[in-house]
Every structure is written in structure tokens, then in C-alpha cells.
Amino acid sequence: MSRMGPAISVISMPQGITLYFTFASAMQGDEAMNAIVDRGWVGRLKRAPELDAETYGEFCESMRSFIFGPMSKAIAPQVAAVIEKAKTAGRDLERVNDVRAIFDPLPIVTARNRLLRSAQEMMWRRYRETFHAQDDVFRSELATYDHKGPGTVAYDADWDPPAYVKHPIHIQPGGYGGDPLVGYWYHHASNVFFIGANTQDEYHLSLAAATRVPKDGKMSRILELGCSIGQLTVTLKERFPNAQVYGLDVAAPQVRYAHKRAAELGVECHFVQRLAEDTKFPDGHFDAVTAFLLFHEVSLEAGVKIVQEAFRILRPGGIFTVFDFPTGHKNNDPYFTYFMDVDSKDNCEPYSVGFTGSDFDGLLKKTGFMVERGEQDIMLACTTYAEKPA
Ligand SMILES: C[S@@+](CC[C@H](N)C(=O)[O-])C[C@H]1O[C@@H](n2cnc3c(N)ncnc32)[C@H](O)[C@@H]1O
């Protein structure tokens with residue numbers, strides 16, 4: 001057998017995207033294995049190890065695109081008609097059972113729910129399978145990057161995190177921390193979730209841009225809580241290159257992947273596996289703390305502790321920027337109530353309904369923050385700025 005190196009073709013696409021194709025057919029052993037894995041990048045997303053998985057993911061994307069595009073358009077007038085009818089009949093549409101009673105009988109709505117669930121199941125399963133097919137290669141890649149910079153990662157493989165992070169959130173097999181390779185398949189699947197529009201971290205770049213700087217302009221230390229695979233952490237470091245930027249997450253596989261990816265991009269971030277409610281950082285340590293889509297995924301009790309912890313580790317004048325689902329004040333749309341209930345049950349989001357119904361602004365204020373609503377809504381997330389008084 002020949003021991004030739006991999007043949008690489010490079011194709012430049014519009015919008016600065018470069019596609020790299022690697023051919024492995026003339027190799028064997030480790031060399032062939034590595035070449036199969038390395039299929040180049042699309043934007044800032046390293047390509048999946050198999051073209052088949054990628055096209056399957058694109059199919060799931062098109063399902064989501066159909067559900068949130070033409071299907072939602074077709075649903076809207078039917079939803080409006082049953083709301084109107086219920087209101088005319090004097091029916092109360094505040095409780096979940098009331099909204100389920102009017103929307104569940106609509107076949108197009110239940111078809112939408114089923115399709116959404118299937119797309120979700122399909123994307124997790126296919127991407128998970130493709131990375132586990134080369135389990136040893138990816139485990140060893142993570143182990144190599146554990147000790148390679150730029151940046152660092154700190155985790156404790158023996159730490160047993162609280163039970164609530166182990167449930168299969170978003171029907172993800174093993175949740176965030178139960179599968180050593182979750183970072184790899186979560187990255188690809190979350191790109192499907194964003195309907196392919198986040199290969200360059202576009203959403204995270206807008207979140208980093210919307211992260212508020214304290215009035216005195218000092219931005220030396222920044223922390224992202226619930227950083228997952230580190231996309232916001234990386235974009236924050238890119239926006240504030242002179243700051244020390246940390247990403248914290250309870251799941252070791254997520255912070256390990258986050259570090260590997262940041263190091264591959266050449267961005268120096270520091271990732272730690274810790275609880276957001278007990279970060280171990282000193283009082284007043286950070287100028288800015290952020291959290292994107294963390295609060296709706298934790299219990300209300302944990303949420304209270306996380307807000308208190310953010311207050312403790314921010315210095316006076318420091319700002320906590322929170323991007324998450326709208327809470328209480330905006331939550332008076334019956335179809336939104338229905339959507340949240342379906343998502344909570346069909347998509348294993350056990351805490352989202354509690355969060356959207358809670359008075360999050362009130363919690364921030366009670367903790368001592370001064371609160372301001374941000375202009376920008378990103379996906380389902382709205383922006384809240386909470387400033388620690390100087
Ligand atoms: C929806 S993801 C966050 C997405 C991420 N911020 C981004 O920019 O894409 C929620 C993350 O919060 C983490 N998490 C959940 N509970 C946590 C806790 N108590 N402390 C720290 N991280 C937590 C999960 O492991 C998961 O990675």
C-alpha cells in the first residue's frame with residue numbers, strides 16, 4: 001500500500017468561505033484515519049467526518065426551514081382564527097390547558113410538532129453516530145488539546161455534576177455532560193438548529209457585539225456562564241483582544257471541545273468546568289459577565305443562585321449581559337404559551353416554562369442590579385443589561 005500524504009483541493013466560495021476537500025484513499029492506518037477526519041472547514045465549522053452525515057444534516061436543516069417558513073405561514077391564520085373564536089366565546093387563554101384545548105385539535109399544528117421533534121431526533125442521532133464511528137480518533141484529539149494552547153482548559157474527569165445537568169435536554173442523548181464527544185456533534189447539530197446560518201459564528205458575533213461595556217470603559221476580565229462549546233467566549237475575545245476571557249460550563253466534554261476549537265482558531269480563551277452558581281472566582285473579579293440561553297435551562301432555584309453569583313464576582317460598575325427567552329412581561333401570546341409547553345414536553349426543556357413565567361427582571365433588581373432592557377432580540381433571546389451599582 002502506498003503511504004502518500006493526503007491530497008487536498010481548495011475551493012474558494014463567495015463570502016470568504018473556503019472549502020477544503022481531503023482525499024484519503026491512498027493511505028492506511030493512522031494516517032488514513034486522520035485524513036478521513038480532516039475534511040477541512042466550512043467557515044469556522046470543521047466539517048463532519050463523513051459527507052453522508054453532512055448531507056443528512058442539511059436535510060434536517062431543510063425540514064426546520066420548512067417548519068419555520070412555509071408551514072408556520074400556513075399555521076398563522078388558523079392560529080389567529082381559533083384565538084379569535086375562543087375570545088369571542090369569552091374563553092380564558094392564560095393557562096396551558098386552555099391553549100392546548102384550542103391548538104391541539106388543529107392537524108397542521110400537531111403535524112408541525114411531530115416534524116420538529118423528528119428533525120431534532122434525526123440531527124442528534126446522525127451526527128452522534130458519525131463522530132462515534134471514529135471514537136478513538138476524537139477522544140485522542142481532545143486529549144492532545146487538553147495540553148495545547150493558545151488558551152487553557154481545566155476540568156475534573158472524576159467530578160460528578162448535579163443530576164439536573166444529566167437529563168437529555170433538547171432530547172440530546174446523554175444531555176450536555178454524558179457523552180465525551182458531545183461537543184463535536186452538538187456543534188454540528190446546533191448549526192442545523194440555526195438553519196445553517198451560524199457556520200461563521202454569526203449569531204455569536206452579534207451577541208458579542210451586543211455585550212455591554214461598563215461606563216468607565218474598562219474591560220480587562222470577562223466571563224461567559226454556560227459557555228457550551230465556546231462560540232460566544234471566542235467572539236468576546238475577538239472583540240476584546242486585550243481582555244482575559246473565560247468560558248465556564250458544568251459539562252467537561254463541552255469545555256474540552258470549546259478549548260480545542262478556540263485553540264484551532266488561534267484564539268486565547270480559558271475554559272473551566274464549574275457551576276455557574278459556584279464559579280470559585282474572587283469577589284469583584286470581572287468587568288463583564290454574560291450568559292446566552294443558560295437561565296431557561298436551569299431550575300428557578302439555580303437561577304437565583306446564578307444571579308447572586310454574577311453579582312458577587314462583578315466589580316462595582318460591572319455589567320451582566322443576559323440573552324435568553326422573554327420572561328413575564330412579554331409573555332402574553334397564547335400561541336407562545338402553547339409553543340413553550342410543546343417544546344418543554346416534546347423537546348425535554350424542563351425549566352423553560354418556569355423561566356418564561358418568572359419575573360427575571362425582578363430577581364435581578366432584588367439582587368441589587370440596575371436593569372435595562374436591550375434593543376436587540378437574537379433568535380428567541382432578548383437582551384437584558386444588569387449593572388452592579390458603582
Ligand atoms: C444552551 S447551552 C448555552 C449555549 C452557549 N452559551 C452558546 O453560546 O451557544 C446551555 C449550557 O449551559 C450549561 N449549564 C447548564 N447548567 C449549568 C450550570 N448550573 N452551571 C454551568 N453551566 C451550566 C450546559 O452544560 C450547556 O452547555
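Two strands pair here if DSSP finds at least two bridges between them. The model on screen is predicted. With that criterion in hand, begin at the strands.

**Stop 1: β7 and β8**

Select β7 (244–249) and β8 (residues 270–273). Four bridges join β7 to β8, and the two strands run parallel. To see one position, display Y246, which stands opposite H270 in β8. Now follow the chain out of β7: it passes through α9 before reaching β8, a β-α-β crossover that is right-handed.

**Stop 2: β5, on the other pairing of β8**

Add β5 (152–154) to the selection. Three bridges connect β5 with β8, and this pair also runs parallel. Which residue of β8 is the bridge partner of T152? Show H270, which takes that place. At A154, the residue opposite in β8 is V272.

**Stop 3: the whole sheet**

Extend the selection to the eight strands of the open sheet, in the order β5-β8-β7-β6-β9-β10-β12-β11. Pairing in this sheet is mixed. β5 and β11 (370–378) are the edge strands, each pairing on one side only. From one strand to the next, the twist averages 15°.

**Stop 4: helices on the sheet**

Select residues 252–265, helix α9, which packs on the sheet and touches β5, β7 and β8. The direction of α9 makes about 170° with that of β8. Then select residues 300–313, helix α10. This helix also packs on the sheet, where α10 touches β6 (221–225), β9 (286–292) and β10 (314–324). Its direction makes about 145° with that of β10.

**Stop 5: α4 against α6**

Leave the sheet and select helix α4 (residues 107–132) together with helix α6 (residues 182–193). Their axes come within 9 Å and cross at roughly 145°. The crossing of α4 past α6 is right-handed. Show side chains for the contact: α4 supplies M123, W124, Y127, R128 and F131, while α6 supplies Y184, W185, H188, A189 and V192. By class, the contact consists of eight nonpolar residues, one polar and one charged.

**Stop 6: the ligand**

Finish by centring on the ligand, which has 21 residues around it. Which of them come nearest? Label Y176, G226, S228, V250 and A276. Colouring the shell by class gives 13 nonpolar, five polar and three charged residues.

How values were computed. Residues are numbered from 1 along each chain as its sequence is written. This is a predicted model: local features need pLDDT of at least 70, side-chain atom pairs count only at pLDDT 80 or more; totals for chains, interfaces and linings use all residues. Axes are lines fitted to C-alpha atoms, for helices over the stretch in contact, and angles run from 0 to 180 degrees between N-to-C directions. Two residues are in contact if their C-beta atoms, placed from the backbone, lie within 7 Å. A crossing is left-handed if the near helix is turned anticlockwise from the far one by less than a right angle, and right-handed if clockwise. Ala, Val, Leu, Ile, Met, Phe, Trp, Tyr, Cys and Pro count as nonpolar, Asp, Glu, Lys and Arg as charged, and the others, Gly among them, as polar. A residue is near a molecule or strand if its C-beta atom, placed from the backbone, lies within 6 Å of it. A crossover is right-handed if, with the strands pointing away from the viewer, the path from the first strand over the helix to the second runs clockwise.
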